[in-house]
Every structure is written in structure tokens, then in C-alpha cells.
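Thanks for making time this morning. I would like to walk through one model with you, beginning with how its helices meet and then moving outward to the core and the loops.

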Amino acid sequence: MSSKEHRVGGGALACSFCGEVKKAKAGLVAGPGVYICDRCVAKARSQGLVEGTGDSCSFCTRSGRPNWGVGSPGESRPRICDACLGMSEHVLAGDQPG
Ligand SMILES: [Zn+2]
Ligand SMILES: [Zn+2]
């Protein structure tokens, strides 16, 4: 019988917005195949969310909400909406239950 080794590469993950690689999940909030880092959460809050882009949120897939992303509106870039941004702030602040 051959045994397969499971290699766990330290769980390195990259922010889908700025591409910054984090070695652990700390400082990253995960969505469905998308990640946002603490810096981008802060940047989104300081730059402000854009309304009426027609883009859907990469985290909750809802469209028609104010959202933020690094690309231009309409580009296939990850976006985060106001609700998910608020949730991410709570997660990064350690307010998550458990
Ligand atoms: Zn980032
Ligand atoms: Zn959302």
C-alpha cells in the first residue's frame, strides 16, 4: 500500500485585493474563494465605498450595494460590500464568537 503524504504548506494565503501573502489566517478574512486582508479593510473604510457600480460583492454575491475594490467598476476584480466590510472589521477585531 502506498501512503500519500499530506503536505500543509503553512497555510499561506494571499489577499485577493492587494495580493499580499499572509503566512497565517490572522489578518485575513475569508469568503467563498476570496480573501481580504486587514490593510484592505482599512483602506476600503478610508477610501469609502462606491455606490451604483453594478458589481456584485465577492463575499456575499449581492449586487446593488455600496462596495469597494482595487479595480475599476465593471472589471472582474474582487469587491466587498458595506455589510461584508463591517463583518470583516468585527472578525479582524476578534469579535467573532468562539
Ligand atoms: Zn489586501
Ligand atoms: Zn457582501
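The crossing in which α1 passes α2 is left-handed, and please keep in mind throughout that this is a predicted model. The two partners are α1, residues 38-47, and α2, residues 82-92, and they pack at an angle of about 135° with their axes 10 Å apart. An angle over 145° would have counted as roughly antiparallel, so at about 135° the two helices are classed as oblique to each other.

Which residues in α1 and α2 actually meet? On the α1 side they are D38, V41, A44 and R45, and on the α2 side they are L85, S88, E89 and L92. By character, the residues of this contact divide into four nonpolar, one polar and three charged.

Let me turn from the helix pair to the core. The largest nonpolar core has 17 residues, and those with the most contacts inside it are C15, I36, C40, A44, I80, C84 and L85. Two of these names have come up already, since A44 in α1 and L85 in α2 also take part in the helix contact. As for where the core comes from, β3 (28-30), β4 (35-37), α1, β6 (80-81) and α2 each supply at least two of its residues.

I80 deserves a moment of its own. Leaving aside residues up to four places away in sequence, I80 touches I36, A44, C57, S58, F59, N67, W68, G69 and L85.

Stepping back to the whole chain, the protein has two helices and six strands, and along the sequence these follow the pattern β-β-β-β-α-β-β-α. Of its 98 residues, 26% count as buried. Among contacts between residues at least 6 apart in sequence, 28% join residues at least 24 apart.

Finally, the loop between α1 and β5 (67-68), where G52 lies. Is G52 buried or exposed? With 9 C-beta neighbours inside 10 Å, G52 counts as exposed, because the cut-off for that class is 12 or fewer. The C-alpha atoms of G52 and R65 are separated by 7.3 Å, although these residues are 13 apart along the chain.

T61 also has its place in the loop between α1 and β5, and here the backbone is what I would point to: T61 has a positive phi of about 65° although it is not a glycine. T61 is exposed as well, with 10 other C-beta atoms within 10 Å.

Technical notes. Residues are numbered from 1 along each chain as its sequence is written. Chains are lettered from A and ligands numbered from 1 in the order in which they are written. This is a predicted model: local features need pLDDT of at least 70, side-chain atom pairs count only at pLDDT 80 or more; totals for chains, interfaces and linings use all residues. Axes are lines fitted to C-alpha atoms, for helices over the stretch in contact, and angles run from 0 to 180 degrees between N-to-C directions. Helices (H or I, at least four residues) and strands (E, at least two) are DSSP runs, numbered from the N terminus. Angles under 35 degrees count as roughly parallel, over 145 as roughly antiparallel, 65 to 115 as roughly perpendicular and the rest as oblique. A crossing is left-handed if the near helix is turned anticlockwise from the far one by less than a right angle, and right-handed if clockwise. Two residues are in contact if their C-beta atoms, placed from the backbone, lie within 7 Å. Ala, Val, Leu, Ile, Met, Phe, Trp, Tyr, Cys and Pro count as nonpolar, Asp, Glu, Lys and Arg as charged, and the others, Gly among them, as polar. A nonpolar core is a set of buried Ala, Val, Leu, Ile, Met, Phe, Trp, Tyr and Cys residues joined through C-beta atoms within 7 Å. A residue is buried if 20 or more other C-beta atoms lie within 10 Å of its own, exposed if 12 or fewer, and partly exposed in between; C-beta atoms are placed from the backbone.
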